[in-house]
Amino acid sequence: MTELPTAAAWRADQAAADTGWTQRLSAEEAEGFDAALRHARTADKPWLAMAPQDFPLPAASRAALQRAAATTQGRWGMCLLKGLPVDRWNEHEARLACWGIGLHMGVARTQNRASDFIADVRNEGGSYKGTNGRGYNTNAGLDFHCDSADVVALLCRRAAKRGGESKVVSSMAVVEELGRRRPDLLAVLQGPWFHSYQGAQHPDAPPYYMCPLVGSAQGHFAMRTNRKNVMAAQRDFPRCRA
């Protein structure tokens, strides 16, 4: 069994006492994002043809975004960035701004069968637990899960009248606690686990994939857990029940 690093594990009381994971934009930094959006709107390029220079952030705004991104890769593994001028943006502009910000952070990945890069978190009558179900188009409470990307971004443009709260935990703390209570299960979590693609796989690929729930490589800790996808693989594909 590989020894898993836990130096960056944190608990809720620590996150409440040290709010370094929360950052607020200054007026100058916020205006830079608004200016970059105006430029992107004028250029009117297809999103997939855009590069960072098509959403040109001034130095102060770029530094603020770099600090936020670094926070997601550091101790906390998350960052709450406040102060984006979403009250000035309509829905299309908010989407474009979100896309433009992402251009400065990495390469976007699709997230569903329709190959959407950005999806609205809105109850559209979907079924979270059903076959190929996704949580963001339902009003269901989602299981704790880890998305398979280096950074996942949520932009809140209009808060729900009720519900919609996010709960975040340290996956390292979860593994650390499991090591104290049931160290015998750590090796199990590092073994092969089947996950359903929920219908989002390439046409030539099988509808499931195999991935450990926890692991580490070259000093980097990783956790990939999504109970719904694991259960769906066992439910839908006999090969995954062996």
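**Helix α2 and the nonpolar cores**

In this predicted model, the largest nonpolar core has 21 residues, of which F33, F55, L84 and W89 touch the most other members; a nonpolar core is a set of buried Ala, Val, Leu, Ile, Met, Phe, Trp, Tyr and Cys residues joined through side-chain atoms within 4.5 Å. At least two residues of this core come from each of α2, α3 and α4, and α4 gives the most, with six residues. W89 touches D34, L37, L84, A94, A97 and R157, not counting residues up to four places away in sequence, where contact means heavy atoms within 4.5 Å. A second, separate core of ten residues includes A9, A173, F221 and V230.

Helix α2 (residues 27-43) has 17 residues and reaches 25 Å from its first C-alpha to its last, close to the 24 Å expected at 1.5 Å a residue, the expected span being 1.5 Å times one less than the number of residues. Helices (H or I, at least four residues) and strands (E, at least two) are DSSP runs numbered from the N terminus. Buried residues of α2 (under 20% relative accessible area, 1.4 Å probe, protein chains only) are E29, A30, G32, F33, D34, A36, L37 and A40, and these pack against β1 (22-24), α3 (59-72) and α4 (91-103). The helix is followed by D44, whose phi is positive, near 50°.

Residues are numbered from 1 along each chain as its sequence is written, and side-chain values use heavy atoms, with hydrogens and water left out. Local features need pLDDT of at least 70 and side-chain atom pairs count only at pLDDT 80 or more, whereas totals for chains, interfaces and linings use all residues.

Definitions and conventions. Buried means under 20% relative accessible area, exposed over 50%, partly exposed in between (1.4 Å probe, protein chains only).
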